[in-house]
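Student: I am new to this structure. Could you take me through some of the terms people use for it?

Tutor: Gladly. Here it is.

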Amino acid sequence: MTLRPLIAALLVAAAIHATAATTPTGGAQSDNTRLITADRLLDVRSGRWLDNVWILVRDGRIADIAHGPGAMIVTTDTPVIDLKGYSLVPGLIDMHVHLDSDPSYGGYTRLQFGDRFWSVLQVKHAKETLDAGFTTVRNLGSGAWNDVGLRQAIDEGKLQGPRIVSAAYSFGATGGHCDSTYFPPSMEQRKPYNADSPEAARHSVRELRKYGAQVIKICATGGVFSRNTEPGQQQMREDEMRAAVEEAHQWGLPVAAHAHGSSGINAAIRAGVDTIEHASLIDDEGIALAKKHGAWLSMDIYNTDYTQAEGAKNGVLEDNLRKDREIAEVQRQGFRRAHAAGVRMVYGTDAGVYPHGQNGRQFAVMVRYGMTPLQAIQSATVNAAEALQRKDVGVAELGRYADLVAVAGDPTADVRLLEAVPVVIKGGEMAKDAR
């Protein structure tokens with residue numbers, strides 16, 4: 001990190017030949033003001049590169065941007081983060097993570113640890129995620145209100161990690177994917193927010209919101225890494241999903257639906273769900289419904305590479321690996337068809353099923369299955385911000401958080417540059433500098 005005071009006289013002298021491109025701010029700057037300068041910045045809305053960019057940050061947000069030949073921002077005694085030779089991209093957004101999960105422990109091997117093990121481990125995972133360039137994440141399901149507590153600690157400045165949009169507990173039908181399905185009746189294991197009627201779904205939404213959920217996650221179908229469920233099975237009725245959506249939207253909360261099977265996907269979209277997670281077995285009707293209703297697809301098309309290579313060693317049961325194998329390529333081809341049809345897509349990896357900090361590995365797979373590098377980047381920036389219904393992240397523009405990643409090269413030509421970013425800035429502060 002290069003942090004140096006600017007000398008106003010030198011800046012003014014250097015700016016004489018480019019006054020039209022110079023933005024004066026005047027006066028001494030406070031401790032929470034700084035400048036970021038780099039060779040260029042990606043405008044993720046248009047796909048254009050803005051050359052010779054200067055970004056003024058005040059109170060963690062972008063206060064001014066200057067760019068072009070000779071451009072600079074004139075200030076007095078303001079620290080500068082000098083990223084000459086680097087390209088800036090808005091801080092990345094992963095729309096589907098599980099920060100209190102660790103793929104090293106699959107199947108029943110998780111039972112060797114106490115409940116608080118996972119709440120401690122998530123602190124490490126949050127830092128790894130931030131270091132990977134993901135300055136905002138949506139945590140879609142955790143135990144013991146872990147993600148709510150983690151979000152609060154990060155927001156208070158006690159820990160380093162991304163901005164977290166927390167779902168707390170996910171819920172679905174008794175015996176379904178979001179329930180506890182690995183134990184016999186004598187152990188009486190069940191998730192606390194199972195919803196087997198529309199009214200139960202409404203109650204679950206209300207209680208989750210009460211204790212800190214910022215997004216509601218329901219489980220419309222069976223899953224890969226649960227027991228005694230199949231991905232294609234619909235497990236919540238459409239009226240139950242609609243009740244959850246209506247209640248959540250009334251409170252201003254978006255809804256994500258875990259949905260692998262086509263019938264569950266289609267019912268969730270008709271019920272008004274905002275984002276469909278996985279969408280592994282999406283059919284032509286589902287693609288048409290997603291376009292008609294404007295639903296976003298969040299398709300985790302990288303993680304099978306990890307789970308098939310490492311799952312058995314980590315204790316994942318063969319039945320789970322079987323389901324993983326069966327839907328892997330089908331999901332990727334569904335991604336290709338949905339993207340080609342113009343369905344709205346966001347970047348969601350299901351990190352926690354594979355190691356945190358490797359979130360950027362999905363970009364290349366998205367390109368392999370039909371996206372341009374720019375479209376893949378947009379899925380993790382401007383698209384994700386819109387799906388989150390937030391106007392403070394995802395784009396480098398005035399009023400938004402100064403969340404940025406820097407790479408040496410052009411990620412719109414080689415998207416794999418985003419797999420290992422050397423510089424991460426969150427709220428104008430250097431979070432990682434590995435230059």
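Student: What is the strand order in the open sheet of five strands, and which pairing does it have?

Tutor: The order is β11-β12-β13-β14-β15, and the pairing is parallel. Keep in mind that this is a predicted model.

Student: What makes β11 and β15 edge strands?

Tutor: Count their partners. β11 (216–219) and β15 (344–346) each have a single partner strand, so one side of each has no neighbour in the sheet. Neighbouring strands here are turned by 30° against each other on average, ignoring direction.

Student: How do you know that β11 and β12 are paired?

Tutor: Pairing needs at least two bridges between the strands. β11 and β12 (residues 255–259) have four, in the parallel sense. The bar is two, so the pair qualifies.

Student: Which residues in β12 stand opposite I216 and I218?

Tutor: I216 has V255 as its bridge partner. I218 stands opposite A257.

Student: What makes β12 count as mostly covered?

Tutor: Five of its five residues are buried. Side chains in a regular strand alternate between the two faces of the sheet. In β12, V255, A257 and A259 lie on one side, and A256 and H258 on the other. These residues are all buried, so both faces are covered by the cut-off of under 20% relative accessible area.

Student: Where is T221, and why is it called buried?

Tutor: T221 is in the loop between β11 and α5 (238–250). Its relative accessibility is 0%. Buried means under 20%, so T221 meets the definition.

Student: What is T221 in contact with, beyond its neighbours within four places in sequence?

Tutor: Its contacts include H177, P231, Q233, Q234 and Q235. H258 and A259 of β12 are also among them. So are H260, G261 and G264.

Student: What makes the approach of T221 to P231 a polar one?

Tutor: A polar atom of the T221 side chain lies 3.3 Å from the backbone oxygen of P231. The cut-off is within 3.5 Å, so that distance passes.

Student: What is the order of the open sheet of three strands?

Tutor: It runs β8-β9-β10, with parallel pairing. β8 (92–97) and β10 (163–166) stand at the edges, each with a single partner strand, so one side of each lacks a neighbour in the sheet. The twist averages 15° from one strand to the next.

Student: How do you know that β9 and β10 pair?

Tutor: Four bridges join β9 (residues 134–139) to β10, and the two run parallel. At least two are required, so the pair counts. T136 stands opposite R163 in β10.

Student: Which helix packs on this sheet, and which strands does it touch?

Tutor: Helix α3 (residues 146–155) does, touching β9 and β10. Its direction makes about 150° with that of β10.

Student: Why is E128 called partly exposed?

Tutor: E128 lies in helix α2 (residues 116–131). Its relative accessible area is 24%. Partly exposed runs between the cut-offs of 20% and 50%, so E128 falls in that class.

Student: What does E128 touch, not counting residues up to four places away in sequence?

Tutor: E128 touches H356 and G357. E128 and H356 are 228 residues apart in sequence, but 6.2 Å apart in space, C-alpha to C-alpha. The side chains of E128 and K124 are also joined by a polar contact of 2.6 Å.

Student: Why does G114 get the label partly exposed?

Tutor: G114 lies in the loop between β8 and α2. Its value is 44%, between 20% and 50%, so the label fits. Its C-alpha atom is 45 Å from that of G409, which is 295 residues away along the chain.

Student: How many helices and strands does the protein chain have, and why is the chain called as compact as a globular protein of its length?

Tutor: It has twelve helices and 18 strands. Its radius of gyration is 22 Å, close to the 22 Å the globule rule gives for 435 residues, so the description holds. The C-alpha trace spans about 75 × 45 × 45 Å along its principal axes. Of the 435 residues, 57% count as buried.

How values were computed: Residues are numbered from 1 along each chain as its sequence is written. This is a predicted model: local features need pLDDT of at least 70, side-chain atom pairs count only at pLDDT 80 or more; totals for chains, interfaces and linings use all residues. Side-chain values use heavy atoms; hydrogens and water are left out. Axes are lines fitted to C-alpha atoms, for helices over the stretch in contact, and angles run from 0 to 180 degrees between N-to-C directions. The radius of gyration is taken over C-alpha atoms; the globule rule is 2.2 Å times the number of residues to the power 0.38. Buried means under 20% relative accessible area, exposed over 50%, partly exposed in between (1.4 Å probe, protein chains only). A polar contact is a pair of N or O atoms within 3.5 Å; within protein, one must be able to donate a hydrogen and the other to accept it, and residues adjacent in sequence count only if both atoms are side-chain atoms. Contact means heavy atoms within 4.5 Å.
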